[in-house]
Amino acid sequence: MWRQPPKHKEWKGPGTTAHFYEILLGRCYTYTQVVRPELRHTDCQKIGKAFTSAFLSKDPCGSTEQDYRPLMELTTQTVPCDKTLFWSKSSELAHDYTWVQRDMYTLEDTLLGYMADGLKWCGDSGSSEMNYQSCPHWREDCSNNSVSVFWNTVSKRFAEDACGVVHVVLNGSISNTFDEKSTFGRVEVFNLHPEKVHTLKAWVMHNIESVPSDSCSSSSLNNLKQILKTKNIIFVCQNNYRPVRLLQCV
Ligand code: 2NF
């Protein structure tokens with residue numbers, strides 16, 4: 001028996017999420033009609049097409065910011081000054097907080113972040129279809145894969161657009177609470193504009209029932225403080241900020 005040759009190149013990461021396009025469109029309509037009805041005139045079909053055009057028929061290890069430019073141009077959403085919330089290794093807690101504090105926004109509370117959160121996607125240079133079998137793993141295959149480049153691109157714009165006092169929820173129960181290799185440390189911090197952002201407030205949260213590993217006085221936080229100093233942005237740090245702390249107890 002002859003084995004069929006694989007339709008697509010084989011990678012080490014999981015393939016495109018089943019029903020990717022339908023989920024993307026469904027989330028776009030949910031967001032623009034229900035979550036933020038002030039955006040109800042958004043053309044979700046056009047956004048869905050621009051999203052898939054950014055990666056279909058292309059090498060999934062050769063993705064670039066330019067690929068996502070048409071998509072970015074279709075979606076300009078402003079977050080009010082003082083209302084941007086970054087996070088690193090604290091996704092659930094940060095999102096629980098913005099669920100309660102409805103006027104604060106994580107990237108996933110904006111349209112593109114909302115649409116893409118938790119999904120995987122990639123195409124193939126030899127085909128116009130999505131690859132549902134496998135996609136590049138960001139560590140084992142390539143860092144410039146379609147998913148990582150998307151998050152780098154949207155995270156960069158989210159940081160560039162921020163103004164006033166910006167906030168970040170950090171995880172104080174791991175050793176490098178401020179991780180220079182994370183998206184927050186690598187992309188977001190470096191794309192804050194000092195003319196617009198005067199202060200960054202870090203909330204270092206410790207898991208309940210675990211031994212705190214890092215706090216505001218630790219070296220990784222000092223590293224963040226030094227980086228911000230060179231950018232002329234004031235750094236304020238608080239351990240276990242109470243309104244977030246209360247969410248860990250429920
Ligand atoms: O999936 C998201 N919603 C997402 C992914 C990457 C970046 C969101 N972001 C934005 C958010 F707005 C946050 O402010 O960046 C900030 C969080 O990213 P982080 O890298 O600082 O935080 P982590 O908890 O370390 O990672 C978040 C998710 O991204 C994955 C990681 O496995 C986790 O699922 N991730 C991190 N770096 C990469 C990368 N280079 C990555 N996935 C692919 N390539």
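In this predicted model, a natural place to start is S148, which has a polar side-chain atom 2.5 Å from a nitrogen atom of the ligand. Two other serines reach oxygen atoms of the ligand with polar side-chain atoms: for S88 the separation is 2.7 Å, and for S182 it is 3.4 Å. On its own, the ligand would expose 750 Å², and the protein buries 78% of that area.

Where does the ligand sit? Its site is the largest pocket. There, the ligand is surrounded by 16 residues, and the closest of these are S88, K89, E108, S148 and T183. Sorted by class, this shell comprises 6 nonpolar residues, together with 5 polar and 5 charged ones.

It is also helpful to see which parts of the fold build the shell. At least two of its residues come from each of three elements: strand β2, covering 85-88, and the helices α6, covering 146-161, and α7, covering 183-188. Of the contributing elements, α7 gives the most, with 4 residues.

Turning to aromatic side chains, a search of the whole structure finds 15 aromatic pairs. One of them is formed by F86 and F158, whose ring centres are 5.5 Å apart; their planes meet at 80°, so the arrangement is edge-to-face, the term used for planes over 60 degrees apart. This pair links distant parts of the chain, since F86 belongs to strand β2 and F158 to helix α6, with their positions 72 residues apart. Both β2 and α6 have already appeared above, as each supplies at least two residues of the shell around the ligand.

Definitions and conventions
Residues are numbered from 1 along each chain as its sequence is written. This is a predicted model: local features need pLDDT of at least 70, side-chain atom pairs count only at pLDDT 80 or more; totals for chains, interfaces and linings use all residues. Side-chain values use heavy atoms; hydrogens and water are left out. A residue is near a molecule or strand if one of its heavy atoms lies within 4 Å of it. A polar contact is a pair of N or O atoms within 3.5 Å; within protein, one must be able to donate a hydrogen and the other to accept it, and residues adjacent in sequence count only if both atoms are side-chain atoms. Accessible areas come from the Shrake-Rupley method with a 1.4 Å probe; for residues, only the protein chains shown count as cover. On a 1 Å grid over the protein atoms alone, a cavity is a set of points where a 1.4 Å probe fits but cannot get out, and a pocket is an open set with protein on both sides within 12 Å along at least five of seven lines; lining residues have an atom within 4 Å of a point. A molecule sits in a cavity or pocket if more than half of its atoms lie within 2 Å of its grid points. Ala, Val, Leu, Ile, Met, Phe, Trp, Tyr, Cys and Pro count as nonpolar, Asp, Glu, Lys and Arg as charged, and the others, Gly among them, as polar. Rings of Phe, Tyr and Trp (its six-membered ring) pair if their centres lie within 6.5 Å; planes under 30 degrees apart count as stacked, over 60 as edge-to-face and the rest as tilted.
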